[in-house]
Amino acid sequence: MAAADVVEAPQEFNPSAWDWNTILTLSLILLVILVIARAFDIGSLTEKISGKRIVSSHKINGWIAIVFLVLGLIGVWYEMVYHGKYVMVGNAASEHGATYDSMFMWTFGFTFVVFIVTEVLLFYFMFRYSYREDRKALYYFHNNKLEVIWTIVPAIVLTFLVLRGFNTWSKITSSDNEDAQEIEVFAYQFGWKARYAGADGKFGDNSFTFISGTNPLGLAVEGSVDELTQSLNDEIAALEALVASADDSAAVWKARLVNFEAQGRQRAYPEEYKKIREMAMDAESGAYVRGLEKEIKRKSTNVKRIAKFRADEKMFNKAGYDDKVVTEIVLVKNQPYVFKFRARDVIHSAYMPEFRAQMNCVPGMSTQFAFTPIKTTDEARAEKGNPEYDYYLYCNKICGAAHYNMKIKITVVDNQAQYESWLAQQAPVVAPVEAPAAPVAPEAPAAPETPAVAIN
Amino acid sequence: MSTAALHAEHEAHHEHKESFISKYVFSMDHKMISKQFLITGIIMGMIGMIMSLLFRLQLAWPDDQFSIIEMLLGKWGVDGKLDPNFYMGLVTIHGTIMVFYVLTAGLSGTFSNLLIPLQVGARDMASPFMNMLSYWFFFMSSVVLLISVGVETGPASGGWTVYPPLSALDKAMPGSGLGMTLWLVAIVLFIVSSLLGGINYISTVLNQRTKGMSMNRMPLTIWAFFFTAVLGLLSFPVLLGAGLFLIFDRSFGTSFYLSDIYLEGVGALENIGGSPVLYQHLFWFLGHPEVYIILMPALGITSEVISNNARKPIFGYTAMIISLLGISFLSFIVWGHHMFITGMNPFLGSVFMILTLIIAVPSAVKAFNYLTTLWRGNLRFTPAMLFSIGLVSFFISGGLTGIYLGNAALDIQMHDSYFVVAHFHLVMGSAAIFGMFAGIYHWFPRMYGRMMNNTLGYFHFWITFITAYLVFFPMHFMGLAGVPRRYYQFTLVEDFDVWVDVNKLITVSAIIAGFAQLLFLYNFFISIFRGKKSAQNPWGANTLEWTSPIDVRLHGNWPGELPTVYRGPYEYSRPDREEDFFPQHIPDESAPEVLETEKSKKAPAEKEAEAETSVFFAAVKRVFGLG
Ligand code: HEM
Ligand SMILES: [Cu+2]
Ligand SMILES: [Cu+2]
């Protein structure tokens, strides 16, 4: 409560009052129910069985069941009408989407019928067969014919759904389209990047060991990779220096701790005190040095791995220098695409609901999904009557604190020309300042290397 | 050992006065252990529910501040706003608590413990000592899990499935630090508890049945508990393995699940060669059976309660058992339906799709059998009966959406959307919770010798039933509109704005549902002390638990000889009898064998139970000290 007084209320209504009022109101209602329950305590069943008293609670519950059924059906209908219209069906923006939607409708048809019939029967039975003293239930153990029927019929329906589902699934997952353009979609905490091959139509190689602040996708770019090696070596040297002076630093921390305690400041500055004490303890126990050594080991492994790759000329063939790494996905209507997914830290999932497409992005494992967009962003906007509307790719696998805000815009344009003019505006990957410095065997049928200005 | 000898031993046992500790704390009496499981389960359930209400507040009013959040959560709720990391933590612990602590231990632990010995006519579990250990491991596990919520970096936050690498790297999110370590410790303890319990349930059912209680005369509750225990025994060890590998990856630098990782702020990690997807296979090899471990006991309880209160034999007793068996078997080979979009081979996806949809058949059989049992019954609406019928309704509603999700093609769109949340909360969450409530209301007299208040039960049922549908039904539409789950808020995506009102409706309903549970708590705890004294057989039931005296606490269940069983458990409303029930232990001297039940045609087989004691069972008996 106190805290709510401190913050100035940004809304006109007072939220702190809001939750306490709610709790109070609900508690009062509870009390009323308790009183009602006590007052109308409908005789307990024990009495009923021994004392042969007709207890009307059965009738009452039977009636409530019917009321619930009617209101429930109205509710279902209401939901279908008012929220059903947001359900993504019949408006897919991808070619396979239509197949998907038809599969959905078949499933919906069957399940909805079963849902209505069984639920209606359930609540109707509650009403129809509620307890009466003068009636005896039917002594009825089984009926083989009936049971066979309701085993076989669902089996047939499910076989149908399975076969259809199998077809749909195979159609969606078979991605052997020769004309499909590849796009790499790269996931990280917390964002997406897309990579398009440049004019050569080829993607450059990559490795997670190459990733650095300036090279988030870990592309095999000589300059950037060498820079990373350099900075890793510097860091290792710095860490080694720390290890060398560890004894001194332990002494320093200890002295600081003693000093701090001597001055009796631990009360006034608990956070600082905690930190100092931790450092002193780590220094003493050797945890500090062990931590440093672990870091050194990790970094030198990385350096070693980079060095191994660095010797691989195929990897550093510059095919990727003209790749475009972009923060928006642009697609051309009716052009088939294969998305190649990569993730660098944890599992993410590329979810494109309008296109009925989803695929996990897994570190250390490449995954893919193919589809053909059939509706441009403009068409979707017109359809929705919302000129601001955009397609998005969302992250759909829990990946950390900002999971809920990890998305990238998808724009579907009408023709190749629009796409190309967009792509032309995007900067290529290469950092040309470093390019001349790299000792390259001039093996590529190099297009005259434009000593372009550093773009970044 | 003969019954007489057991009896004698029991008498001797009864002589000494039990201390408080051995009676209430380290009790080896299955009835007391069952109460311990129940109370712990209820407490955990309350905690899990309050967590869900807290994060539901965030979803419904993402821009508002709630003093209650600041008050309860301290630094995670500064200015009355739930921290995104802690939101994830709450969702994760909510899921973990509900799935494992309430609906696995709370449900199976309570009712398997209470009913297996009482309904098969045994003096106690096969190994009372292991049974006690089972509870205390569960208790320790609960404590560790709750402690993990309070650690400085927050509890595990990667979702209840804790997929690595997120859960393996403490730099990937704060919850993957100490909180995750404690989560793993808690789960390991939990698995130990579950295995100790399961072994006991299985051996008791196989070995300790009283005279005449052949397998085909066992109540469906027992069948359900039995299959559940088998599932747990076969699948929990796999989770243990998965968890151990995760512990190795986290603490000892192995790379079972890790490969090619670069972490912002750290750099490239050394691990190569592991596979995050491997973890998912291992996890779901438990995870899918787990949903049936949750659901089957609830279905068993429902069968018993519906038959008893419809005053009508359960329809298709054999079909019910066969479908339980079918579900149990199939549940081991469908785990891949949780992984359709992990990039696994599409052909494998097809196989999992086919197997998954096959499970729908035995499930459908069960639903139809429940309906037919109600048809032309004489339905007594006790609270237990209402909750059972509620279960059937949820089981149908939630089960049908499984047909969408089991279809690999449809799952492309629906995976991890709110449709999934709706599906599993109905079919597993609500259905199993309702089964648990049904069990509590039905067997409360057997546990405490007193009755719960019916009218409060009615209020509890109808409010909970209606609000549960209000909470979970609209979520289908959100999911179908492409709203992802595990999102801290939706306002950052313009498209999701239309769901703001729905989210408010859901949260308000959930809060009402939460308050309705106070009715239950009040009813439960007051009735323990002040409830009306129960008759010996208050529901006019056939099963043996109502023949053991309910007004005195007997370690050994029956004062004299164990009851002998003469027929199946569902002989309700026999036309040749005046009363509408016919308890299993009453010999039918005069009753003519005219009825179309196959069970009644067989003469009461005295030797049957004995004959089944094969070498294997004898060995099992010896091992568990039954001599
Ligand atoms: C008061 C009733 C309940 C409410 C309001 C509620 C609500 C929710 C919500 C909103 C989520 C988060 C969904 C997401 O963002 O992914 C969730 C997750 C979950 N709930 Fe519940 N729930 C309730 C009861 C239950 C019960 C009875 C179960 C038992 C099975 C359960 C099991 C789960 C599980 C397994 C998750 C997934 C956690 C995760 O994503 O890791 N819940 N619940
Ligand atoms: Cu993500
Ligand atoms: Cu499953």
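What follows is a short exchange on a predicted model.

Trainee: Why is A:C395 called buried?
Mentor: Its relative accessibility is 0%. The cut-off for buried is under 20%. So A:C395 counts as buried.

Trainee: What makes A:C399 buried or exposed?
Mentor: A:C399 has a relative accessible area of 0%. Buried means under 20%, so A:C399 is buried.

Trainee: How many disulfides does the structure hold?
Mentor: The count is 0 over all chains. A disulfide would need a pair of cysteine sulfur atoms within 2.5 Å.

Trainee: How do you know that β9 and β10 of chain A pair?
Mentor: Pairing takes at least two bridges. Strand β9 (residues 391–395) and strand β10 (residues 407–413) of chain A are joined by 4 bridges, so they pair. They run antiparallel. A:Y394, for instance, has A:K407 in β10(A) as its bridge partner.

Trainee: What makes β4 and β7 of chain A edge strands?
Mentor: The open sheet runs β4-β10-β9-β6-β7 in chain A, with mixed pairing. β4 (329–332) and β7 (357–361) each have a single partner strand, so one side of each lacks a neighbour in the sheet. From one strand to the next, the twist averages 20°.

Trainee: Why is α3(B) called roughly antiparallel to α5(B)?
Mentor: Helix α3 (residues 30–60) and helix α5 (residues 84–120) of chain B pack at about 155°. Angles over 145 degrees count as roughly antiparallel. That makes α3(B) roughly antiparallel to α5(B). Their axes are 8 Å apart, and the crossing is left-handed.

Trainee: Which residue classes form the contact of α3(B) with α5(B)?
Mentor: It has 22 nonpolar, 12 polar and 1 charged residues.

Terms used:
Residues numbered from 1 in each chain as written. Chains lettered and ligands numbered in written order. Predicted model: local features only at pLDDT ≥ 70, side-chain atom pairs only at ≥ 80, totals over all residues. Heavy atoms only, no water. Helix = DSSP H or I, 4+ residues; strand = E, 2+ residues; numbered from the N terminus. Axes fitted to C-alpha atoms, helices over the stretch in contact; angles between N-to-C directions. Parallel < 35°, antiparallel > 145°, perpendicular 65-115°, else oblique. Left-handed = near helix turned anticlockwise from the far one by under 90°. Nonpolar A, V, L, I, M, F, W, Y, C, P; charged D, E, K, R; others polar. Buried < 20%, exposed > 50% of the residue type's maximum accessible area, 1.4 Å probe, protein only.
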